[in-house]
Amino acid sequence: MKWLEVGVPEGTLFTPLPVRPDKPLVLYGTSIMQGACASRPGMAWPTILSRKLDDPLINLGFSGNGRLEQEVLSVVNEIDAKVFVLDCLPNLVNQDEYPLDTVKSRILYAVRTLRQKHPATPIVLAEHAGYTDEAINPTSRKRFTEPNEVLRAAFVQLQAEGVKELYLIPKADFNQGIETMVDGTHPNDLGMMRYAEGYEKHLRTILREPQGTLSTTRPVIQLREPGNYDWDARHREILRMNRETPPNVLMIGNSITHFWGGLPKGPRAAGAESWNAVLEPQNTRNLGYGWDRIENVLWRVYHGELDGYAAKQIYVMIGTNNFQLNTDEEILTGWRQLIEAIRQRQPTATLTMVGVYPRRKQEQRVVELNKKLATLTKEMGVGYLDAGKVLLKADGTIDEALFSDGLHPNAKGYLRLSKAFGGR
């Protein structure tokens, strides 16, 4: 291509997407990992896995190589990874060149080397799954199964040495068969999908990122107000701020929290005065995003917004944007998964789930749902705060004088709410 022009309306801007700040999944292996025999690059199993987990991924699969050489491991070790995956056995089966004791020593060296520099990063060892003629070829079966036995022995030895965050994926979990291979070793598209599914199943457990079947339990980003604010840019800014100036208090929520005030700044701050008076002195960070639903908060939790620091207090008010899409039970299921995800990442923080704030013509549903939330929080051992009741009149309907649109509080409404969070 020599040149390219794109016509757009006057005043329109193109902004390149920056590199994702998330730590990448780092995979080291052979041609199977590289993508040999996939019909197109997008069907290589690492690419499928990256889409499934929505994580950046570095594919260090090398055709004919990937033999756990010290020189390559030294380079792999330079990467600050979310997880290391070692899937090198397919090219270590030639025992004339790589005796079994050599294979074991390379596995031990690889794990010890990575663990020395990355003491807490999960390391995953994968058995050789790329052979499907074992039922009819005893010689081939022996050639391929023995390295897997060595891998399991090395795994047990490393565990006995006290190596933590070390995991092994057995051959069976990749679910390969005669329909999934091109040549008995390299998978076709079906085989690539099964590889990705096997890895996803294990990595979601290892990384503590479970995904359910309901929309409220499937983490996902959103882009519902591009003319109002940039969701991805806000996420990157929060990661930067958390890294540079860790907060003591977190306010997690949707636009009602987003537009209250504080940092990072939103497109408006309808309650800036009460935020500055009550929440700012507590070193509070605003983790509210306009139009967020439970599943969007779950994505943010899975992608670093609670990592690398220890908050003292976390308030979560989310769910009102799920009203039109989900039943109360689906919302409750999402809340349960979100509570578990937050507690895993911030075990020392005091977590308080804030009842959904009242909204025009849906006051009764809010009341009933908040009763269920109160029961859930008691069951799970976290706090519950029904702050929104201060926005109601005596008859149970919202006080319109405290709202701008029947959903978002105005300055007077935010002032009322601030009292529930330490104000006077």
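# Loops, strands and rings in a predicted model

Reader: As what does Asp54 count at 26% relative accessibility?

Author: This is a predicted model, in which local features need pLDDT of at least 70, side-chain atom pairs count only at pLDDT 80 or more, and totals for chains, interfaces and linings use all residues. Residues are numbered from 1 along each chain as its sequence is written, and side-chain values use heavy atoms, with hydrogens and water left out. Buried means under 20% relative accessible area, exposed means over 50%, and partly exposed lies in between (1.4 Å probe, protein chains only). With its relative accessibility of 26%, Asp54 therefore counts as partly exposed.

Reader: What is the phi of Asp54, a residue other than glycine?

Author: Asp54 has its place in the loop between α2 (45–53) and β2 (57–61), where helices (H or I, at least four residues) and strands (E, at least two) are DSSP runs, numbered from the N terminus. Its phi is positive although the residue is not glycine, with a value near 55 degrees.

Reader: Which residue follows Leu263 through a cis peptide bond?

Author: The bond that starts at Leu263 has an omega near -5 degrees and is cis. The residue it leads to is found in the loop between α8 (255–258) and α9 (272–279), and that residue is Pro264.

Reader: Which residue in β7 stands opposite Val249?

Author: Strand β6 (residues 249–253) runs parallel to β7, and 5 bridges join them, whereas at least two DSSP bridges are needed for two strands to pair. Strand β7 (residues 284–288) is mostly covered, since 5 of its 5 residues are buried. Opposite Val249 stands Thr284.

Reader: How far apart, centre to centre, are the rings of Trp45 and Tyr199?

Author: Rings of Phe, Tyr and Trp (its six-membered ring) pair if their centres lie within 6.5 Å, and planes under 30 degrees apart count as stacked, over 60 as edge-to-face and the rest as tilted; by this rule there are 12 aromatic pairs. Trp45 and Tyr199 form a stacked pair, with 10 degrees between the planes and a centre to centre distance of 4.3 Å. This pair links helix α2 with helix α6, and its two residues are 154 residues apart. To return to the distance, it is 4.3 Å.

Reader: Over the face of which ring does Arg268 lie?

Author: A charge sits over a ring if NZ of Lys or CZ of Arg is within 6 Å of the ring centre and within 35 degrees of the ring normal. Arg268 lies at 3.9 Å from the ring centre, over the face of Phe259.
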